[in-house]
Amino acid sequence: MKKRAGSILDWIYPRRCPVCDGILEKKEPYICRKCAGKLKPVEEPRCRKCSKPIRSWTEEYCVECGKGKHAYEKGYAVYPYHGPIQGSLMRFKYAQRQEYAGFYAQAIRIYGGDAIQRMQPEALVPVPIHKKKLRTRGYNQAEVLARQLTDQTGIPMDADLVLRKKNTLPQKELDHEERRRNLREAFALKHPDKKLPYKRILLVDDIYTTGSTVDALAALLKQAGAEEVCFVAVAIGNTG
């Protein structure tokens with residue numbers, strides 16, 4: 001019965017390829033055959049902190065991570081934020097393509113599984129969006145991704161831990177310092193009177209750029225008692 005219901009839903013809401021947005025065939029669970037080789041993950045050498053690509057194996061950190069101390073421990077992102085993945089994530093975020101999350105979660109699990117295992121997170125926490133954006137968009141793309149990642153890794157998701165109390169300006173329009181100011185006091189614990197139930201938390205987001213959002217959340221969670229906060233993302237940008 002469940003399989004039949006799934007088939008009916010696939011007919012009404014056909015699954016689409018996260019690259020070309022074409023309708024997937026039955027034997028194409030996440031991505032179509034034509035697009036399977038079009039997405040290339042970030043290769044080594046990578047920054048040991050944020051996982052951005054770096055020029056030489058003799059370097060440990062990217063320019064951004066080398067400048068100062070992040071509040072988070074470390075992170076992992078799969079793809080460089082350009083080319084097909086850029087358009088894919090825009091549709092995922094703004095055009096109701098929530099089904100792409102299955103492919104993204106699979107990519108994170110395949111390429112970043114070892115990194116996640118070393119982080120030993122007790123819970124996945126999606127980066128929250130403000131309630132106004134949630135009403136307009138209808139969903140939080142980070143939560144949709146985290147839910148799929150939970151299904152594929154078994155790590156529980158907690159989307160009720162933090163909230164975004166400040167409706168911040170779009171980060172892509174700001175420089176590095178403006179991003180940090182923009183996020184000041186943007187987040188809060190949803191239940192500040194309760195003891196934080198985790199020591200090791202893995203934040204989940206669609207895109208990582210300068211790390212301002214992750215830093216703001218990591219600082220909040222550590223102040224509340226977390227010992228280690230890391231992140232995973234689908235894509236990582238080279239610029240602020």
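## Contacts around Leu 145

Contact here means heavy atoms within 4.5 Å. The model is predicted. By that cut-off, and not counting residues up to four places away in sequence, Leu 145 touches Phe 92, Ala 101, Tyr 104, Ala 105 and Ile 108. Val 204, Asp 205 and Val 234 are also on the list for Leu 145.

Leu 145 also belongs to the largest nonpolar core, which has 36 residues. It is among the members that touch the most other members. The others in that group are Tyr 79, Phe 92, Tyr 104, Ile 108, Val 232 and Val 234.

## Overall layout

The protein chain has 240 residues, of which 46% are buried. Its secondary structure comes to 8 helices and 6 strands. Read from the N terminus, the order of elements is α-α-β-α-α-β-α-α-β-α-β-β-α-β.

How much of the contact set links residues 24 or more positions apart? Among contacts in the protein chain with a separation of 6 or more, such pairs account for 70%.

## Nonpolar cores

In soluble globular proteins, nonpolar side chains tend to be buried together. Here, the largest nonpolar core counts 36 residues. Which elements give two or more residues to this core? Three are helices: H3, H4 and H6 (141–153). Three are strands: E1 (75–80), E5 (200–208) and E6 (228–236). H4 gives the most, with 10 residues.

A second core is separate from this one and has 32 residues. Its members include Cys 62, Ala 123, Val 162 and Phe 231.

## Helix H3 against helix H4

Two packed helices are described by the angle between their axes and the distance between the axes. For H3 (residues 84–94) and H4 (residues 100–119), the axes come within 10 Å. They cross at roughly 130°. That makes H3 oblique to H4. The crossing is left-handed.

From H3, the contact draws on Ile 85, Ser 88, Leu 89, Arg 91 and Phe 92. These meet Tyr 100, Ala 101 and Tyr 104 in H4. The residues of this contact divide into 6 nonpolar, 1 polar and 1 charged.

## Helix H4 against helix H6

H4 also packs on H6. Here the axes come within 8 Å and cross at roughly 55°. Are H4 and H6 parallel or oblique to each other? They are therefore oblique, as the angle lies outside the ranges for roughly parallel, antiparallel and perpendicular. The crossing of H4 and H6 is right-handed, whereas that of H3 and H4 is left-handed.

On the H4 side, the residues are Ala 101, Gly 102, Tyr 104, Ala 105, Gln 106, Ile 108 and Arg 109. On the H6 side, they are Val 144, Leu 145, Gln 148, Leu 149, Gln 152 and Thr 153. By class, this contact has 7 nonpolar, 5 polar and 1 charged residues. Ala 101 and Tyr 104 of H4 meet H6, and both also meet H3.

## The loop between H1 and H2

The loop between helix H1 (2–12) and helix H2 (63–67) holds Glu 28. Is Glu 28 buried or exposed? At 7% relative accessibility, Glu 28 counts as buried, because the cut-off is under 20%. Leaving aside neighbours within four places in sequence, Glu 28 contacts Arg 15 and Arg 33.

Arg 55 is in this loop too. In contrast to buried Glu 28, Arg 55 is exposed, with a relative accessible area of 82%. Its C-alpha is 9.2 Å from that of Glu 44. The two are 11 residues apart in sequence.

## Backbone exceptions

Most residues other than glycine have a negative phi, and most peptide bonds are trans. Which bond is cis? The one that joins Glu 44 and Pro 45, with omega about 0°. Pro 45 sits in the loop between H1 and H2.

Ser 51 belongs to that loop as well. Its phi is positive, about 80°, although it is not a glycine. Ser 51 counts as buried, at 2% relative accessibility. Gln 120 also has a positive phi, near 50°. Gln 120 lies elsewhere, in the loop between H4 and strand E2 (123–126).

Notes. Residues are numbered from 1 along each chain as its sequence is written. Side-chain values use heavy atoms; hydrogens and water are left out. Axes are lines fitted to C-alpha atoms, for helices over the stretch in contact, and angles run from 0 to 180 degrees between N-to-C directions. Helices (H or I, at least four residues) and strands (E, at least two) are DSSP runs, numbered from the N terminus. Angles under 35 degrees count as roughly parallel, over 145 as roughly antiparallel, 65 to 115 as roughly perpendicular and the rest as oblique. A crossing is left-handed if the near helix is turned anticlockwise from the far one by less than a right angle, and right-handed if clockwise. Ala, Val, Leu, Ile, Met, Phe, Trp, Tyr, Cys and Pro count as nonpolar, Asp, Glu, Lys and Arg as charged, and the others, Gly among them, as polar. A nonpolar core is a set of buried Ala, Val, Leu, Ile, Met, Phe, Trp, Tyr and Cys residues joined through side-chain atoms within 4.5 Å. Buried means under 20% relative accessible area, exposed over 50%, partly exposed in between (1.4 Å probe, protein chains only).
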